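Q: Could you take me through one part of this model closely, starting with how exposure is judged and moving on to how the helices and the core fit together?

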Amino acid sequence: MKEQLQALEKEALQKVEEAISLKELQDVRVAYLGKKGPITEVLRGMGKLSKEERPVIGELANKVRGQIADAIDSKKADIEAEELEKQLAEETIDVTLPGRPVPTGGPHLLTSIVEEIEDLFIGMGFEVREGPEVETDYYNFEALNLPKGHPARDMQDSFYITEDILLRTHTSPVQARTMNMIQGERPVKMICPGKVYRRDTDDATHSHQFTQIEGLYVDKNVRMSDLKGVLDRFAKQMFGEERQIRLRPSFFPFTEPSVEMDISCKMCNGEGCSVCKKTGWIEILGAGLVHARVLEMAGYDPKVYSGFAFGMGPERIAMLKYGVDDIRHFYTNDIRFLKQYHQA
Amino acid sequence: MFVSLNWLKKYVDIDQLSPEDLAERITKSGIEVEGLEHFASPANNVVVGYVESCDKHPNADKLNLCQVNVGDETLQIICGAPNIATGQKVAVAKPGSVLPGNFKIKKAKLRGVESNGMICSLQELGVEEKFVPKEFASGIFVFPEDAEIGVDVTEPLNLDDIIMELGLTPNRSDALSMLGVAYEVAAILDVPIRLPHTDYHTDEEKAADQVSLTVEAKEQNPYYGAFLVKDVKIGPSPLWIRNYLMAAGIRPINNVVDITNYVLLEYGQPLHAFDFDKLGSNEVVVRMANEGEKLVTLDDQERTLSSEHLVITNGKEAIALAGVMGGADSEVTEQTTTVLIEAAYFDGQTIRKASKEFDLRSEASNRFEKGVDPNRVRKAGERACQLLQDYAGATVLDGVVEYDQLDYSEKTVTIWTSTINDRLGTNISNDQMADILRKLNFNYEQDGETFTVYAPTRRQDIVIFEDMLEEVARIFGYDNVPFTLPSGGAQAGGLTKQQELKRHINQFLEGAGLSETVTYSLTSKERVTELVSPEVAEKMVSSVSLAMPMSEEHSTLRLSILPEMLSSVAYNLARKQANVAYYELGSIFISKEEKVTKQPDEQLRIAGALTGEWLTHPWQQEKKVVDFFVVKGILEALFESLNIDVTFSQAKVDGMHPGRTAQLFINDRAIGFAGQVHPQLQKDYDLKETFVFDINFDYILEIHENEPKFAKIPRYPSVTRDIALVVDQSVQAGALEATIAHAGGELIKDIQVFDVYQGEHLAEGKKSIAFSLFYQDPERTLTDDEVEASYQAILEAVGKEHNAELRG
């Protein structure tokens with residue numbers, strides 16, 4: 001019997017070894033370890049053995065049974081691993097093939113610039129205010145110290161609808177409206193972005209419609225040096241910490257003194273190049289201390305209040321910052337142009 | 001304003017600075033220097049030569065053989081200029097000289113005869129043709145007789161001059177004169193100024209005996225001065241005057257005209273010269289023109305005048321349009337001997353109106369419009385007399401016939417050092433203040449920190465305290481103003497609810513794959529009525545048009561963003577960009593009046609246009625073309641992100657596909673539409689199948705709640721039941737869904753269409769729509785009976801309302 005068991009063991013292990021699939025392995029398990037298998041048979045015949053032989057054979061039979069089971073388990077693990085490997089090999093894909101595209105959109109470059117500037121001034125305590133694009137002559141001109149017949153009205157030939165209604169030529173009327181609403185009761189600190197319109201023939205540097213952002217701060221004791229400080233923060237955040245600013249006297253009817261702000265040219269670091277026309281400086285915006293008459297008209301006592309105002313063109317800033325060479329690009333909406341600035 | 005630096009040097013010393021540095025200083029102090037240009041270029045080995053003889057070239061008809069004395073030698077030169085003659089003094093480029101354009105002059109043989117140099121025209125020396133005096137325009141330049149033989153021509157022809165172009169703001173009309181610029185430069189550089197002299201001898205004959213003056217239009221003409229000069233010999237003006245005029249961009253004509261132009265530039269005071277013998281009378285009357293009065297101006301145009309125009313008359317008829325242009329009849333000509341010089345102050349508004357109306361903008365009208373210096377009017381007349389005496393052989397009659405009601409007073413402005421410092425944020429001392437006023441050449445009285453400033457009449461722009469604040473700031477230097485941040489109370493900045501919502505919608509649509517556009521607000525009259533949302537069309541009475549559009553294309557304010565956006569889409573299509581998905585958030589302009597008298601309502605709209613492929617993945621053979629449901633899906637998700645319920649219902653909208661358009665409603669209020677553009681209109685715009693939407697942003701803002709409310713996360717499982725219904729093809733899914741939602745009861749949390757089918761196994765004219773129904777009770781687990789009851793109720797309701805049957 002002992003020999004019989006040993007022969008069975010040898011035979012079974014041989015079969016396990018030869019099995020190449022989980023199915024064959026299962027067949028081996030059933031054949032040798034199943035209820036009708038030869039080992040069970042042997043154990044069943046143990047009744048015929050002597051009292052002394054019984055535990056020896058019993059032990060041997062269990063051992064053989066264990067050996068076979070272990071061999072099957074181990075072989076099973078091997079086959080499973082092999083099969084998994086085969087499955088994974090079959091599932092391999094070419095990861096260099098293009099992925100499924102997701103539709104992507106994005107903001108218009110002008111919106112990006114305007115929002116960047118809005119956020120920057122919000123950080124300095126400014127509110128963002130908007131107003132109508134179709135304005136009255138009063139708010140667009142008269143309230144800003146530009147009475148009828150003023151020669152400076154030539155500077156901005158306008159689109160009139162009636163004698164008294166026109167497309168706003170700047171966003172300053174929003175400032176006039178805001179001050180008028182508050183009537184000198186508290187300080188005003190605001191910026192107003194928006195579309196403006198002028199009678200210009202569209203070409204590389206002119207557009208009959210464009211964008212403006214104007215700022216206004218009216219309070220007690222507002223100084224020219226405050227304007228310089230605020231504009232310096234703006235220039236450095238917008239164009240880089242290395243940028244210097246300078247103010248030059250200029251003229252606007254609604255500010256006195258009036259200045260223009262230049263920043264040091266980024267291309268040449270102020271050395272002079274073709275971008276800055278060899279001056280080392282690039283004109284960015286106009287500003288000044290709010291004209292006493294403008295304050296007065298809006299109900300602010302110029303003896304108590306003073307203020308500064310500034311205005312800039314996002315198109316110009318975008319053109320400088322990103323090298324856009326033609327203002328018409330902003331309004332043609334060529335998808336190839338728009339997409340260039342979706343990450344801007 | 002073009003400023004010749006050589007001319008400027010007559011009044012102020014600027015040699016301490018390079019032209020570039022000078023330009024920089026002027027720019028930083030208030031007047032922008034827009035350009036620095038060389039007038040010509042210094043001559044190289046070109047001298048004044050004397051033509052000793054001039055004979056025909058033996059072998060060429062059109063060439064002359066000249067012997068030219070150039071001081072140290074006599075050169076044989078062949079010259080083809082038609083105006084060459086013996087006895088002339090000319091500019092001779094000697095062999096070895098190099099003319100502008102790198103043109104090298106060498107000894108040469110022309111038709112067998114030796115030529116040792118070239119006799120030059122001004123153009124060949126680098127002067128722009130348009131400034132060259134007419135008599136020399138097509139030939140060589142001829143020097144006056146007193147030119148010194150052998151000297152380099154650079155200085156006598158002003159070839160080394162540099163022209164500074166000033167960009168003047170409207171307030172700085174004082175710099176429309178060489179003297180004004182000189183005062184500015186003197187203040188900046190702190191150097192003294194030299195004024196020109198105006199002394200001349202006068203004849204015994206009195207001007208007042210020859211001419212009388214009446215000014216009727218006193219308001220428009222507060223000063224009129226008439227100077228008379230006789231024995232005038234018309235001829236070329238001296239070379240230096242011609243040089244400076246050319247440098248300033250004015251072509252020399254003759255001595256009388258050149259002198260009036262010279263004084264105009266020097267003093268900023270326009271003058272007019274009348275041929276006194278052609279005046280037609282011995283009187284000058286200044287009055288407003290009669291309605292319909294005619295005048296032939298110097299440019300030979302007949303002008304019809306009105307009572308708004310100021311004219312100079314001879315007592316009977318107009319002889320000049322005051323301040324704008326003289327009359328042809330009294331023009332100075334070669335034969336003129338007696339000249340009446342007009343030096344006057346005309347009202348700026350009056351001149352502006354006339355020059356604008358006749359489109360006659362001139363150096364003179366420009367200065368009158370902006371206001372001339374009262375103290376220079378008579379002075380300029382005197383300066384002209386002096387120059388005419390010196391350079392036109394004139395005898396000046398005694399006295400000036402004048403009418404004078406001009407205000408010569410200087411404006412008084414009081415400033416305080418402390419107030420100046422408060423406004424600028426500076427620390428300027430009283431002494432510095434005084435020094436600044438001295439540099440500006442302003443008279444003032446000082447009492448401690450109080451300065452009473454008398455603004456000179458040349459600076460008409462200085463009226464109030466702030467004007468002086470600016471003067472102090474610019475001379476003190478903005479670079480010297482410190483950087484500070486506002487000390488006022490802290491204020492929280494921020495966006496309004498509207499701006500926040502705008503940004504949310506922008507970001508959502510961008511994330512959904514749309515690109516933002518910015519289109520023009522002005523569209524054409526034809527396009528403006530296209531694709532107007534029904535609820536807008538209902539409200540508006542007229543579209544808002546410009547009184548004077550620049551083009552028909554941009555003449556009317558939009559009532560929808562879509563027409564201009566579709567033009568942009570077509571622009572892309574024409575450039576082989578077939579896949580476009582756009583949105584824009586912008587205003588439309590709704591007028592509720594027949595004829596616009598007030599500002600129109602401005603309403604913000606969100607519009608979009610999509611065409612071409614939406615999603616493609618070629619190697620996986622996937623391709624999704626934009627259709628109605630792509631657009632609807634984006635809008636549904638947008639409204640979901642805003643937590644707003646929106647319904648879509650079939651609608652007819654002008655310009656839209658009748659079967660593929662929906663109107664959108666929130667709380668039963670129409671807020672816009674979405675769908676496919678009508679094929680006819682697509683064709684009209686050169687578009688392929690294009691889907692659009694247009695929605696009222698303002699209404700969304702009105703009802704949008706910023707704060708989402710917390711809802712419990714359900715702890716009990718949901719039950720799903722599917723239901724497939726067979727209905728007539730005309731029954732819409734939305735209607736079925738509404739019935740299901742109503743009949744199904746509160747336990748139904750969601751209803752989704754998962755299949756739409758028509759064709760085989762279904763009767764003709766029928767379709768099947770299958771829904772998944774999601775049941776849930778947040779408080780407990782649902783029983784089968786409850787769900788079944790709801791299901792049966794639904795079946796009954798759809799059967800009754802839509803004749804729907806359960807699909808077998």
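A: Happy to. A residue counts as buried under 20% relative accessible area and as exposed over 50%, with partly exposed in between. Keep in mind that this is a predicted model. Glu636(B) has a relative accessible area of 40%, so Glu636(B) is partly exposed. Glu636(B) belongs to helix H16 of chain B, which covers residues 628-641. Between the C-alpha atoms of Glu636(B) and Ile312(B) there are 75 Å, and the two residues are 324 apart along the chain.

Now to a pair of helices in chain B. Helix H11 (residues 430-439) and helix H12 (residues 465-476) have axes that come within 10 Å and cross at roughly 95 degrees. Angles of 65 to 115 degrees count as roughly perpendicular, so H11(B) is roughly perpendicular to H12(B). On the H11(B) side, the contact is made by Gln432(B), Met433(B), Ile436(B), Leu437(B) and Lys439(B), while H12(B) brings Met468(B), Glu471(B), Val472(B), Ile475(B) and Phe476(B). Seven of these contact residues are nonpolar, one is polar and two are charged.

Next, the core. Ile415(B) touches, among others farther than four places away in sequence, Met433(B), Met468(B) and Val472(B). Its other partners include Ile420(B), Phe451(B), Val453(B) and Phe465(B). In the largest nonpolar core, of 100 residues, Ile415(B) is one of those that touch the most other members, along with Phe121(A), Phe234(A), Met261(A), Phe310(A) and Phe330(A). Apart from that core lies another of 99 residues, including Trp7(B), Tyr11(B), Ala23(B) and Leu245(B).

Terms used:
Residues numbered from 1 in each chain as written. Chains lettered and ligands numbered in written order. Predicted model: local features only at pLDDT ≥ 70, side-chain atom pairs only at ≥ 80, totals over all residues. Heavy atoms only, no water. Helix = DSSP H or I, 4+ residues; strand = E, 2+ residues; numbered from the N terminus. Buried < 20%, exposed > 50% of the residue type's maximum accessible area, 1.4 Å probe, protein only. Core = buried A, V, L, I, M, F, W, Y, C linked by side-chain atoms within 4.5 Å. Contact = heavy atoms within 4.5 Å. Axes fitted to C-alpha atoms, helices over the stretch in contact; angles between N-to-C directions. Parallel < 35°, antiparallel > 145°, perpendicular 65-115°, else oblique. Nonpolar A, V, L, I, M, F, W, Y, C, P; charged D, E, K, R; others polar.
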